[in-house]
Amino acid sequence: MKVCAIIPAGGIGKRMGGKSPKQFMLLGGIPVLVHTLRIFERASTVDRVVLVAPEGDIAATAELAAAHGCKKVAKIVPGGRERQDSVLNGLAAVGDACDIVAIHDAVRPFINEALVDTAVSGAAGLGAVCVGMPVKDTIKQLGPDDRAAATLNRKSLWIAQTPQVFKREILEEAYRRAYADGYYGTDDASLVERIGVPVAMIRGGYGNIKITTPEDLEYGEYLLQKGREAMRTGTGYDSHRLVEGRKLILGGVEIPFERGLAGHSDADALIHAVIDALLGAMGQGDIGKHFPDTNPVYKGISSLKLLDQIKALLAEMRFSILNIDAGIILERPKLAPFTDSMRENIARSLDIPAALVNIKAKTNEGMGFVGRGEGVAVFATATIVAHK
Ligand code: MG
């Protein structure tokens, strides 16, 4: 069974009042779209993702997905005039090999992979599944004079959310008939309902909000905080000897100097200290346990590559980084011109905003091994949070 997710990310966020499309709005420092894509990356039932974006945003969207390691994004197609037209374009791109299609709004980042997997399994058996929630408020139907003409029976009313998941043939038939009849619905399930296929409703959550206004974004920040468990902190320390005939690499930046750091890998003491701080916060031992210097694979390797693996471990354990702070102690050369590049390298490798990384550089006032120019010492701390 092949499952494809279509994520319409078409809205230009007019209601947000800003210039950037609303899925590029930041939630906890990360674009809303990335939060959503990460859930589909983790959902084991989903094989590939087709994103639908405005023509002019396709390149930026592709860059964003790649920069955040969203490997399931197989295609990005241009959106249409209405949301329904965008989903139609997505549907044309899923391919014949796909059996099940899950449609999910890019701006609903508060689902989880278990809900996606449940909806997908449901659709595989039942044909059509829509995530939603019972209505909590009493609903009035207004007459032409704007007065309440009827009070609907709340017991039978649900709000429709996404994901909405369908067997591909059912969805394609529903779309074909909707366009033949000139019908536009406000969700995909309504197109399926009108061809007589029953849509099973399953519970999403009241927190499964659609972020379309600045108020939604504020509430979203609150939900993000609420979904976080205890904070954890780790510390790291590393030192390497300065020798002739080696490059001086710190934070992935090659610094012009007559000597460099000795070591098995590229001897990037800054990255090593940061890795130890992160492993410490995760409760996962130390760098030597994960990347033993007896392993020839790590000989001469760029330590930024090791950081990539730490990023994967963080994601697997459902941790995210709140901040990293490091201090490099080196007598010579001056590091100040290079610290911005170092923090950008570290942030890029860990897929976090550069604002969450801080690098300080100082000397040891001529004292000790650092003061005598024999080597470098680096301290780092990392704070992370676990997600429920
Ligand atoms: Mg080291």
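**Exercise 1. A strand with two neighbours**

Which residue in β10 does V129 stand opposite? Use the predicted model above to find the partners of strand β7.

*Solution.* Let's begin with the residue itself.

- Step 1: V129 stands opposite V165 in β10.
- Step 2: Widen the view to the whole pair of strands. β7 and β10 are joined by six bridges and pair in the antiparallel sense.
- Step 3: Now turn to β11, where the bridge partner of V129 is A200.
- Step 4: β7 and β11 run parallel, with four bridges joining them.
- Step 5: Finish with accessibility. Six of the seven residues of β7 are buried, so this strand is largely enclosed by the rest of the structure.

**Exercise 2. Tracing the sheet**

Work out the order of the strands in the sheet that holds β7, and say which strands are at its edges.

*Solution.* Follow the pairings across the sheet.

- Step 1: The sheet is open and has seven strands, in the order β5-β4-β1-β6-β10-β7-β11. Its pairing is mixed.
- Step 2: β5 (73–78) and β11 (200–203) are the edge strands, as each pairs on one side only.
- Step 3: From one strand to the next, the twist averages 25°.
- Step 4: Take the β5 end in detail. Five bridges link β5 to strand β4 (residues 48–53), and the two pair in the parallel sense. Within this pairing, V49 has V73 in β5 as its bridge partner.
- Step 5: Add the helix at this end. Helix α2 (residues 58–67) packs on the sheet and touches β4 and β5, with its direction at about 165° to that of β5.
- Step 6: Add another helix. Helix α4 (residues 113–126) lies across β1 (3–8), β6 (100–103), β7 (128–134), β10 (158–167) and β11. Its angle to β10 is about 60°.

**Exercise 3. Two helices that cross**

Describe how α8 and α11 pack: the distance, the angle, the handedness and the residues that meet.

*Solution.* A general reminder helps here: two packed helices are described by the angle between their axes and the distance between the axes.

- Step 1: Helix α8 covers residues 269–282 and helix α11 covers residues 339–350. Their axes come within 12 Å and cross at roughly 45°.
- Step 2: This angle makes α8 oblique to α11.
- Step 3: The crossing of the two helices, α8 and α11, is right-handed.
- Step 4: On the α8 side, the residues in the contact are L270, I271, V274 and L278; they meet M342, I346 and L350 in α11.
- Step 5: Sort the contact residues of α8 and α11 by class, and you get seven nonpolar, no polar and no charged.

**Exercise 4. Unusual backbone geometry**

Locate two cis peptide bonds and two positive phi values, and place the residues in their elements.

*Solution.* Keep the background in mind: most residues other than glycine have a negative phi, and most peptide bonds are trans.

- Step 1: T162 and P163 are joined by a cis peptide bond with omega of about 10°. P163 belongs to strand β10.
- Step 2: Another cis bond runs from R332 to P333, and here omega is near -5°. P333 is found in the loop between β16 (319–329) and α11.
- Step 3: D351 is not a glycine, yet its phi is positive, at about 60°. This residue is in the loop between α11 and β17 (357–362).
- Step 4: E365 also has a positive phi, near 55°, and is a residue other than glycine. Look for E365 in the loop between β17 and α12 (368–371).
- Step 5: Is each of these two residues buried or exposed? D351 has a relative accessible area of 9%, so it is buried, under the 20% cut-off. E365 is exposed, because its relative accessibility of 68% is over 50%.

**Exercise 5. The whole chain**

Summarise the protein by its elements, box, burial and contacts.

*Solution.* Step back from the details.

- Step 1: The protein has 12 helices and 18 strands.
- Step 2: Along the principal axes, its C-alpha atoms fill a box of roughly 85 × 45 × 35 Å.
- Step 3: Of the 388 residues, 49% are buried.
- Step 4: Consider contacts between residues at least 6 apart in sequence: 74% of them join residues at least 24 apart.
- Step 5: End with one pair. E215, in helix α7 (residues 214–226), is 140 residues from K75 in sequence and 32 Å from K75 in space, C-alpha to C-alpha. E215 counts as exposed, at 55% relative accessibility.

Notes:
Residues numbered from 1 in each chain as written. Predicted model: local features only at pLDDT ≥ 70, side-chain atom pairs only at ≥ 80, totals over all residues. Heavy atoms only, no water. Axes fitted to C-alpha atoms, helices over the stretch in contact; angles between N-to-C directions. Parallel < 35°, antiparallel > 145°, perpendicular 65-115°, else oblique. Left-handed = near helix turned anticlockwise from the far one by under 90°. Contact = heavy atoms within 4.5 Å. Nonpolar A, V, L, I, M, F, W, Y, C, P; charged D, E, K, R; others polar. Pairing = 2+ DSSP bridges. Buried < 20%, exposed > 50% of the residue type's maximum accessible area, 1.4 Å probe, protein only.
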